[in-house]
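Visitor: Could we go through this one together, helix by helix and strand by strand? I'd like to know what lies behind each label.

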Amino acid sequence: MIVKYDHGVDTTTDSTTGATPGALKLGFSTVNDLMTPAPISMTPDTRIGVAARRFREQRIGHIPVATNGFLQGILSDRDVLRHLASATGGIEEPIEVVMTPDPITVERTDLVSEAIAKLMRHKVH
């Protein structure tokens with residue numbers, strides 16, 4: 001089946017589902033289908049100023065914090081902003097003082113719908 005879009009691009013769709021190739025099928029897609037293949041990570045001793053620059057340069061909002069390949073926490077741009085806005089927050093402190101330790105995780109083989117349900121149960125947003 002060919003679908004003609006208003007902007008003049010023809011896109012082939014799956015004749016059984018009507019979906020475009022690579023389209024997310026929420027009931028059947030796994031976390032692996034959506035995850036970043038090689039995410040940027042930092043170690044807990046990375047300075048907050050370095051993390052702040054990385055958020056801006058890479059246009060990302062979260063960075064996994066790991067030691068020797070083992071997840072230690074997650075750092076968000078909001079964590080950094082809150083820290084820097086506080087009266088005592090400085091850019092030379094390590095990110096481990098502001099990261100969320102032991103974050104809720106899902107397996108790459110989990111269905112996306114299962115991952116969403118888990119995050120909702122734990123009130124992760």
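Guide: Sure, words first: buried means under 20% relative accessible area, exposed over 50%, and partly exposed in between, with a 1.4 Å probe on protein chains only. Helices (H or I, at least four residues) and strands (E, at least two) are DSSP runs numbered from the N terminus. This is a predicted model, where local features need pLDDT of at least 70, side-chain atom pairs count only at pLDDT 80 or more, and totals for chains, interfaces and linings use all residues. Residues are numbered from 1 along each chain as its sequence is written, and side-chain values use heavy atoms, leaving out hydrogens and water.

Visitor: Okay, how wide is the arc that the buried residues of α2 fall within?

Guide: The residues to look at are I48, G49, A51 and F55, the buried ones of α2. The arc is taken from the directions that run from the helix axis to the C-beta atoms. Seen down the axis of α2, those buried residues line one face of the helix, because they fall within an arc of 165 degrees.

Visitor: And which elements do the buried residues of α2 pack against?

Guide: Packing here rests on contact, meaning heavy atoms within 4.5 Å. By that test, the buried residues of α2 meet two strands and a helix: β3, β4 and α3.

Visitor: Then α3. Do its buried residues sit on the same side or on opposite sides?

Guide: D79, V80 and H83 are the buried residues of α3. They cover an arc of only 95 degrees around the axis, so they end up on the same side of α3. As a rule, an α-helix has 3.6 residues a turn, so residues three or four places apart point the same way. For D79, V80 and H83 the answer is therefore the same side.

Visitor: What do those buried residues of α3 pack against, and which exposed residues are on the face turned away?

Guide: On the buried side, α3 packs against α2, β4 and β5. The face turned away from that side carries the exposed residues L81, R82 and A85.

Visitor: Now the strands. Which are the edge strands of the sheet?

Guide: Two strands pair if DSSP finds at least two bridges between them. The sheet is open, with three strands in the order β3-β4-β5 and antiparallel pairing. The edge strands each pair on one side only, and they are β3 and β5.

Visitor: Which residue in β4 is the bridge partner of T67?

Guide: β3 and β4 run antiparallel and are joined by six bridges. For T67, the bridge partner in β4 is F70.

Visitor: S76 caught my eye. Is it buried or exposed, and what is it in contact with?

Guide: S76 is a residue of strand β4. S76 counts as buried because its relative accessibility is 7%. Leaving aside neighbours within four places in sequence, S76 is in contact with F55, G61 and H62.

Visitor: Any odd backbone angles? What is the phi of R59?

Guide: In general, most residues other than glycine have a negative phi. R59 follows α2 and lies in the loop between α2 and β3. R59 is exposed, at 78% relative accessible area. Although R59 is not a glycine, its phi is positive, about 55 degrees.

Visitor: And what about the phi of D102?

Guide: D102 is in the loop between β5 and α4. D102 counts as exposed because its relative accessible area is 66%. D102 is not a glycine either, yet its phi is positive, at about 45 degrees.
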